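Please go through the fold below, sheet first, then helices, then ligand shells.

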Amino acid sequence: MLTLPDIVEQAYGACGFSAAGTVPFALLDEERERFAQWLAQGYGADMAYLERSADYRHDLRRLFPAVQSVVVTLTTYRRPPDVCQPDGVPRIARFAWSDDYHPILKRNLHRLLEAIRQYDGYAGSGGRAVVDSAPAFERAWAVRAGLGWIGRSAMLIHPRLGSFTLIGLLLLDIPFGKGWPLPARVEERCGGCQRCMEACPTQAIAAPRMVDARRCLSYQTIERREAVEACFRPSLQGRIFGCDRCMEVCPYNRLSQSPLLPPEAGLDAKPERMNLTVEDWRTLTPEVFDALFAASPLQRAGLDKLKSSL
Ligand code: SF4
Ligand code: SF4
């Protein structure tokens with residue numbers, strides 16, 4: 001009978017993932033403490049749901065009581081250079097060039113669960129797919145699974161894939177075998193680099209691995225219910241949804257040999273949304289927006305807020 005880590009290693013690619021690792025379930029006490037410090041500084045802005053989520057993020061049994069092993073997956077959304085937004089159009093963060101990744105990654109995680117069940121001894125396995133964009137805990141699981149380190153930008157950096165990645169968790173009721181190999185952790189490799197901190201247009205990276213969401217353009221343009229605060233508007237520089245600056249400057253995102261988005265992932269970019277000009281945006285009606293941006297993450301901000309950032 002194959003071990004779960006061996007099965008995951010064999011199966012993740014066909015399910016649309018770029019990398020995966022398998023670890024035993026554990027409580028994340030250290031990460032909860034760091035998350036509490038981050039919230040105590042006010043860095044979570046008005047995202048009260050983050051505070052409410054701290055306990056279940058610390059203890060994954062609240063999401064899936066039978067959890068015994070955790071499969072952590074990464075999906076890179078690095079695309080070929082010709083897949084990009086034209087110069088001068090309102091800018092959208094790269095993760096939002098496709099349809100909303102949450103249901104797509106969940107589908108891929110369910111595919112992986114199905115693949116695991118095909119192996120001898122695993123037919124009755126149960127699991128739950130977890131995909132969330134909230135900070136800290138998914139990244140901590142990825143570190144445990146040997147998939148990278150947390151960079152000064154607070155993003156997970158995979159040594160080969162960089163940080164344009166999406167993290168998915170598959171919580172399984174499969175006991176992690178005593179003799180099964182634990183993934184080797186990747187040591188921190190930022191070294192003396194501080195490019196992300198220096199390049200951030202709003203100095204939102206208050207300290208290494210501590211992003212003040214109140215100052216972050218991703219929060220300002222996506223999560224904040226109201227329009228972007230006036231003091232941050234000059235820093236938008238054409239951005240209307242999200243910000244990739246701290247990742248664009250990271251040397252680990254400029255490696256020429258890094259793998260691209262796997263076609264099996266189902267996260268194809270949508271040029272008809274990426275190419276809209278300022279004028280197109282200004283004249284966009286709610287009806288056309290809803291039709292053109294159905295299933296897009298931009299629905300989260302809504303047309304009024306997007307227009308207010310132009
Ligand atoms: S996303 Fe943009 S604003 Fe936020 S920390 Fe990174 S560079 Fe700064
Ligand atoms: S830009 Fe430099 S400091 Fe920031 S995450 Fe990348 S390697 Fe680390």
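How many of the eight residues of S2 are buried? Eight of the eight, so S2 is largely enclosed by the rest of the structure. This is a predicted model.

**The sheet**

The two faces of S2 can be read off by side-chain direction. Ser69, Val71, Thr73 and Thr75 point one way from the strand. Val70, Val72, Leu74 and Thr76 point the other way. Every one of these residues is buried.

S2 belongs to an open sheet of four strands, in the order S1-S2-S7-S4. The pairing is antiparallel. Strand S1 (19–24) and strand S4 (127–130) stand at the edges. Each has a single partner strand, so one side of each is left without a neighbour in the sheet. On average, neighbouring strands are turned by 20 degrees against each other, direction ignored.

The table gives each strand pair with its bridges and one pair of facing residues.

| Strand pair | Bridges | Example of facing residues |
|---|---|---|
| S1 and S2 | six bridges, antiparallel | Ala20 and Thr73 |
| S2 and S7 | eight bridges, antiparallel | Thr75 and Leu166 |
| S4 and S7 | four bridges, antiparallel | Val130 and Leu169 |

Strand S7 covers residues 165–172. Two helices pack on this sheet. Helix H1 (residues 4–11) touches S1 and strand S2 (69–76). The direction of H1 makes about 165 degrees with that of S1. Helix H5 (residues 137–144) touches S1, S2 and S7. The direction of H5 makes about 80 degrees with that of S7.

**Helix H1 and Ile7**

Is Ile7, a residue of helix H1, buried or exposed? Ile7 has 23 other C-beta atoms within 10 Å. A residue counts as buried at 20 or more, so Ile7 is buried.

Which residues does Ile7 touch, leaving aside those up to four places away in sequence? They are Leu2, Ile116 and Tyr119. Tyr119 is a long-range partner in sequence terms: Ile7 and Tyr119 are 112 residues apart along the chain. In space, their C-alpha atoms are 7.9 Å apart.

**Helix H2**

Does the length of helix H2 fall short of, or agree with, the expected span? H2 runs over residues 29–40, which makes 12 residues. At 1.5 Å a residue, the helix should span 16 Å. The end C-alpha atoms are 16 Å apart, so the two values agree. Just after H2 comes Gly42, with a positive phi of about 85 degrees.

**The ligand shells**

Which residues surround ligand 1? Four cysteines are in the list: Cys200, Cys216, Cys243 and Cys246. The others are Pro201, Thr202, Ala204, Ile205, Val211, Leu217, Ser218 and Arg245. Helix H7 (217–223) and helix H9 (245–248) are the elements that give two or more residues to this shell. By class, the shell around ligand 1 has nine nonpolar residues, two polar and one charged.

Ligand 2 is surrounded by 13 residues. Gly151, Cys190, Cys193, Cys196 and Cys250 are the closest. The shell around ligand 2 divides into eight nonpolar, three polar and two charged residues. Cysteine counts as nonpolar in this scheme, so the cysteines around both ligands fall in the nonpolar class.

Notes. Residues are numbered from 1 along each chain as its sequence is written. Chains are lettered from A and ligands numbered from 1 in the order in which they are written. This is a predicted model: local features need pLDDT of at least 70, side-chain atom pairs count only at pLDDT 80 or more; totals for chains, interfaces and linings use all residues. A residue is near a molecule or strand if its C-beta atom, placed from the backbone, lies within 6 Å of it. The expected span of a helix is 1.5 Å times one less than its number of residues. Two strands pair if DSSP finds at least two bridges between them. Axes are lines fitted to C-alpha atoms, for helices over the stretch in contact, and angles run from 0 to 180 degrees between N-to-C directions. Two residues are in contact if their C-beta atoms, placed from the backbone, lie within 7 Å. A residue is buried if 20 or more other C-beta atoms lie within 10 Å of its own, exposed if 12 or fewer, and partly exposed in between; C-beta atoms are placed from the backbone.
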